[in-house]
Amino acid sequence: MTDQDRYWMQQALALAEQALYVSSPNPRVACMIVRDGILLASGTTQQAGGAHAEVMALRQAAERGVEVAGSTVYVTLEPCSHYGRTPPCVDALIQAQPARVVVAMEDPNPLVAGKGFNKLRQAGIEVAGPLCLEQALALNVGFFARMVRKTPWLWMKMACSLDGRSALTDGQSQWITGPLARDDGHHWRARSCVVLTGIGTVNADNPLLNVRAVATSRQPYKAIVDTQFSVDENAALFDGTPCWVFASRPDAEKAARLADKNVQLVLLPEKQGHVDLTAVVQWLGAQHINEIHVEAGAKLSGALIEAGCVDELLVYMAPKLLGAGRGLADIHALSSLRQAPQYEFFDVCPVGPDLRLRARQKAHWDALLEHCS
C-alpha cells in the first residue's frame with residue numbers, strides 16, 4: 001500500500017465520524033471511491049435498516065454519472081457479505097467492478113469475518129488491508145467489543161478537581177468543570193448506546209440523562225441500577241423515552257405503571273447485596289448495545305471498577321482545589337499499590353479551562369486489537 005492509500009483511508013475514517021451518533025447498533029463506516037487521486041463519490045452508514053456506506057457511495061457515483069469500474073474503493077470496515085436488514089454490500093461492489101478495495105480492518109461479525117474479502121477476490125478484485133487499524137478500532141470499539149467478547153465497551157465519565165474531588169463534603173458538585181467540558185460530555189453521551197447511572201444519582205440530582213448540548217437524530221437509551229426498585233415514579237428521566245431499570249426486587253404493580261412511561265424493569269440476580277453488575281453488562285450486550293456511558297456517583301463507579309466492567313475512564317479535570325470532599329470512586333482499601341486498578345492514559349485534551357483525560361484498561365484494548373490483527 002502507498003502513502004496515497006493511507007491518505008485516503010484517513011479521509012475515510014474522518015468521514016465515518018459523521019455516523020457517530022447515527023448508525024448504532026451497526027458500526028460507523030465510510031466509503032470513498034477514488035480514481036487517479038480524485039474523489040469520485042463517498043458515503044457513510046445510515047441509521048439501522050438504512051443503506052450502508054458502500055451503497056451510499058455507489059448511489060452518489062450514479063447520481064454524478066461517474067464510472068466506478070477500475071477505481072479504488074476505500075472502506076473503513078470489511079464490506080458485509082450476508083443478508084440482514086439490507087442486502088450484502090460486497091455484491092454491490094462486485095457489480096460495480098472497482099480494480100481495488102482497500103479496507104481498514106476485517107469485520108468481527110461471525111457472519112462476515114473475511115467472507116467479504118473472499119468474495120471480492122473471487123470476483124477478480126484486489127483486496128488490500130488492514131490499514132490505519134488502531135484508528136479504525138477506536139471508531140468502533142464498542143461494536144468490536146460486543147462481537148468479540150459479547151459485552152459492550154464501557155466508559156465512565158467523571159468530573160473532578162486537581163486534588164481528585166468530585167464534590168464537596170456536603171455533596172455540592174455543580175459545577176466543578178466549565179460549560180465547554182459539560183457540553184463535550186454530551187458528545188460522549190450522544191455516541192453511546194445507553195447512559196447508565198445509579199439510584200443514588202437519580203435521588204440526589206434527578207437528572208434527565210439525555211443529549212442536549214449536541215445535535216443528534218438518535219437519543220441513547222437510559223438505564224438505572226436500582227437493586228431495591230425504589231426509584232420515584234415521577235423521576236425526570238421517565239419522560240416517555242426508553243429506559244431500563246436494573247433491580248433484584250420485583251414489584252409487578254409498579255413495573256406496570258412505569259411500563260406506561262416506556263420503562264422496562266429488568267430483574268437480575270443479586271451479588272453481595274446488590275444487582276450483579278457483570279450481569280447488567282452482559283444483558284446490555286444481548287440487547288445489541290455497543291457502548292455504555294456511565295455517569296454515576298462514587299458508590300456505583302467504584303463497584304463497576306471492582307467488578308472489572310470499566311474499560312475506559314473519561315475524566316474532566318478542573319484547575320481547582322476543593323480540599324476535603326468526595327472522591328471519584330469508592331473502592332475497598334488496598335494493602336498494596338500493586339492491587340490498584342491500573343489504567344493507561346492515551347489522550348489528553350484541553351476543553352476550555354479544563355482538561356479531558358482518557359485512560360483505558362490496556363489489557364482490554366490489546367485483546368481487541370490482537371483479534372483484529
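Tutor: A residue is called buried when its relative accessible area is under 20%, exposed when over 50%, and partly exposed in between (1.4 Å probe, protein chains only). The structure above is a predicted model, in which local features need pLDDT of at least 70 and side-chain atom pairs pLDDT 80 or more, while totals for chains, interfaces and linings use all residues. Residues are numbered from 1 along each chain as its sequence is written, and side-chain values use heavy atoms, with hydrogens and water left out.

Student: Is P152 buried or exposed?

Tutor: P152 lies in the loop between α6 and β6; helices (H or I, at least four residues) and strands (E, at least two) are DSSP runs numbered from the N terminus. The relative accessibility of P152 is 1%. At that value, P152 counts as buried.

Student: Which residue has its C-alpha atom separated by 5.5 Å from that of P152?

Tutor: Contact here means heavy atoms within 4.5 Å. Leaving aside neighbours within four places in sequence, P152 is in contact with several residues, including A145, V281, L284, I289 and D311. The residue whose C-alpha atom is separated by 5.5 Å from that of P152 is 133 residues apart along the chain, and P152 is in contact with this residue too. The residue is G285.

Student: How many of the nine residues of helix α6 are buried?

Tutor: Helix α6 covers residues 141-149, and its buried residues are V141, G142, F143, F144, A145, R146 and M147. They pack against α5 (133-139), β6, α10, β14 and α12 (362-372). The helix is largely enclosed by the rest of the structure, because the number of its residues that are buried is seven.

Student: Which residue just after α6 takes a positive phi?

Tutor: Helix α6 spans residues 141-149. The residue in question stands just after this helix, and its phi is about 75°. That residue is K150.

Student: Where is D311 found?

Tutor: D311 counts as buried, because its relative accessibility is 1%. Not counting residues up to four places away in sequence, D311 touches R149, P152, W153, L154, Y343, A359, R360, Q361 and H364. Its place is the loop between α11 (298-306) and β15 (312-317).

Student: With which side chains does the side chain of D311 make polar contacts?

Tutor: A polar contact is a pair of N or O atoms within 3.5 Å; within protein, one must be able to donate a hydrogen and the other to accept it, and residues adjacent in sequence count only if both atoms are side-chain atoms. The side chain of D311 has one such contact, of 2.6 Å, with R149. Another contact of 2.6 Å joins the side chain of D311 to that of H364. The partners are therefore the side chains of R149 and H364.

Student: Which strands are the edge strands of the open sheet of nine strands?

Tutor: Two strands pair if DSSP finds at least two bridges between them. The open sheet of nine strands has mixed pairing and the order β11-β10-β9-β8-β14-β6-β15-β18-β17. Each edge strand pairs on one side only, and these strands are β11 (263-267) and β17 (344-351).

Student: What is the bridge partner of C243 in β11?

Tutor: Strand β10 (residues 243-247) pairs with β11 in the parallel sense, over five bridges. The bridge partner of C243 in β11 is V263.

Student: Which residue of β18 stands opposite E312?

Tutor: Strand β18 is mostly covered, with six of its seven residues buried. Strands β15 and β18 run antiparallel and are joined by six bridges. Opposite E312 stands R360.

Student: Which residue in the turn between β17 and β18 has a positive phi?

Tutor: Strands β17 and β18 run antiparallel, joined by seven bridges, and V348 stands opposite L357 in β18. The two strands form a hairpin with two residues between them. In the turn, the residue with a positive phi, of about 60°, is G352.

Student: Which strands stand at the edges of the open sheet of five strands?

Tutor: This sheet has mixed pairing and the order β2-β1-β3-β4-β5. Each edge strand has a single partner strand, so one side of each is left without a neighbour in the sheet. The edge strands are β2 (38-44) and β5 (126-128).

Student: Which residue in β3 does C31 stand opposite?

Tutor: Strands β1 (residues 30-35) and β3 (residues 72-75) run antiparallel and are joined by four bridges. In β3, C31 stands opposite V75.
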